Amino acid sequence: MTKLMTDDTIIDRQRGTGSRTTFWLGVVGLVGAIALVFLGFFVAPPDDFQKDAVRMIFIHVPMAILTYVAFSLTAIGSVAWLWKRSIWWDTVAHGAAEVGVMFSGLTLFTGSIWGRITWGTYWDWGDVRLVTTLILFLIMVGYLAVRSFDGDEAVNATRAAVIGLIGAANMPVVNRSVTWWSSRRTLHQKSSLVNGKIEGLTLFTLMFALVVFSIIMLWMLIHRFRISWLERQVSEGDLSEALTARRAEARAGMDRETEENK
Amino acid sequence: MTAASKPADDLTPRSPRPARARRRKIIPVIIAVGAAAAVVVLAVNLVNGSLFFYDAKEAVARRPELGTDRFTLLGSPIEGTIVPGFEGDETVVAFTVSFDGVNVDVVHFGDPPDLFKAGVPVVLDGAWVNAPAAVDGFTGRETDGWHFASDRMRIKHDNNYKNGDRYSERIDKANQEGRVVATSIASGQ
């Protein structure tokens, strides 16, 4: 932790959280995103029924899938923290939760716009798919809020880990809701990917989008992990500094008393 | 000021944490409590089943029980039955929906969604009305003297994404033709 105060660390700070790998990962993600815009808008054909609205699928579906991936990482990290007190995994869980909240927020937002065009409504408060997704989003917002509480970080991490696992328990409900309540409680169609209802360039562009957004998510996760790791080191460094200062203070006091007694 | 730079016997009370910092610490608590409350409200609303579809067949079967209460109806508009019109100043559209061979005449008040068309299932909020649908030019398919008056319509489309390329159909056709050719070769024709 005191390493932070060395010259090496100053150099690290100037370089930020990037590395050669993350640089190229970022470049690939960026180029992929530009290619995706081209494919999504100009190459993939419009749908027979939805026409151009089908292009929302290239953002909405990858966002939804990667939300599951991110929150699954949070769940794994939470278990590792609760079981082994693994700081590395706890940091992964925290970073994945932040990225997951962003992706699930975008899933809700893009789904809402797509819903307005195709279903004729932005939202339905009784729709089981929409509401369980919103609940998942709110649970993970709660996770992040708990992590920001004042006080002992380890206690906050434990509380957040429990919340992360509650969120993970909700994920199968979100995912299967379109099958369990298809004809009763949701406007949302069943999965097109699993059931092979999508084909040709639309399928190709969707797969391409999934790869591109996965790269972007990985890039974000690595950077977020490194930021969290550095934050931990800084806070532990501050603690070490404070302890050293207190010890020095106590020693000075004792020396003075000794001097006076003489 | 760090502890190290203070004299050892400095007993001056330390200033309390600034109001802004205290506010910053309370914000996560407010967010967490708000999120928890919202989750509870949403879950209760969901469990109470505020959205529950009766398909046309069930809606007709349960008509005595449903009475004129509001409920949500699911059915597919039948080709050739869709008739737009006006009721006073308000736009209406009359059509017949079907589910599992059972028809229900519908009068929807307001503009339907852009993708509304025959054959694509719709979800309608409204109630039974004990009178035939009275929209000019609409004859309806149901003759039991009831219709469903709706004021909210959503489209419930399926998960098929097809375009003019029709890959699966072309692949199926090619397979079919391939089998015919293979059979011809095998039989020496």
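This passage describes the helix packing of chain A, the contact between chains A and B, the make-up of chain B and two residues with positive phi.

The structure is a predicted model, in which local features need pLDDT of at least 70 and side-chain atom pairs count only at pLDDT 80 or more, while totals for chains, interfaces and linings use all residues. Residues are numbered from 1 along each chain as its sequence is written, and chains are lettered from A and ligands numbered from 1 in the order in which they are written.

Helices (DSSP runs of H or I, at least four residues) and strands (runs of E, at least two) are numbered from the N terminus. In chain A, helix H4 (residues 87-118) packs against helix H5 (residues 128-147) at an angle of about 145°, the axes being 9 Å apart. Axes are lines fitted to C-alpha atoms, for helices over the stretch in contact, and angles run from 0 to 180 degrees between N-to-C directions. Residues are in contact if their C-beta atoms, placed from the backbone, lie within 7 Å. Among the residues that make the contact are His94(A), Ala97(A) and Val101(A) of H4(A), together with Leu134(A), Phe137(A) and Val141(A) of H5(A). By class, this contact of H4(A) with H5(A) has 10 nonpolar, six polar and two charged residues. Here Ala, Val, Leu, Ile, Met, Phe, Trp, Tyr, Cys and Pro count as nonpolar, Asp, Glu, Lys and Arg as charged, and the others, Gly among them, as polar.

H5(A) also packs with H6(A), at an angle of about 170° and with the axes 9 Å apart. These two helices are therefore roughly antiparallel (angles over 145 degrees). Their contact has 14 nonpolar, eight polar and three charged residues. Helix H6 (residues 153-180) of chain A further meets H3(A) at an angle of about 140°, with axes 8 Å apart. H3(A) is thereby oblique to H6(A) (an angle outside the ranges under 35, 65 to 115 and over 145 degrees). Residues including Phe71(A) and Trp81(A) of H3(A) and Leu165(A) and Met171(A) of H6(A) make the contact, which has 10 nonpolar, seven polar and no charged residues.

The 62 residues of H7(A) should span 92 Å at 1.5 Å a residue (1.5 Å times one less than the number of residues), and the end C-alpha atoms are 91 Å apart, which agrees. Its buried residues (20 or more other C-beta atoms within 10 Å of their own, with C-beta atoms placed from the backbone) include Phe208(A), Phe213(A) and Trp219(A). Their cover includes helix H2 (20-43), helix H3 (57-84) and H4 of chain A.

Between the chains, 49 residues of chain A are in contact with 41 residues of chain B. H5 and helix H7 (200-261) of chain A each supply at least two residues of the side that touches chain B. That side of chain A has 22 nonpolar, 14 polar and 13 charged residues.

Chain B comprises four helices and seven strands, and 26% of its 189 residues count as buried.

Most residues other than glycine have a negative phi. Lys51(A), in the loop between H2 and H3 of chain A, has a positive phi of about 60°. Lys51(A) counts as partly exposed because it has 14 C-beta neighbours inside 10 Å (the class between 12 or fewer and 20 or more). Asp100(B), in the loop between strand S4 (90-99) and strand S5 (102-109) of chain B, has a positive phi near 55°. With 9 C-beta neighbours inside 10 Å, Asp100(B) counts as exposed (12 or fewer).
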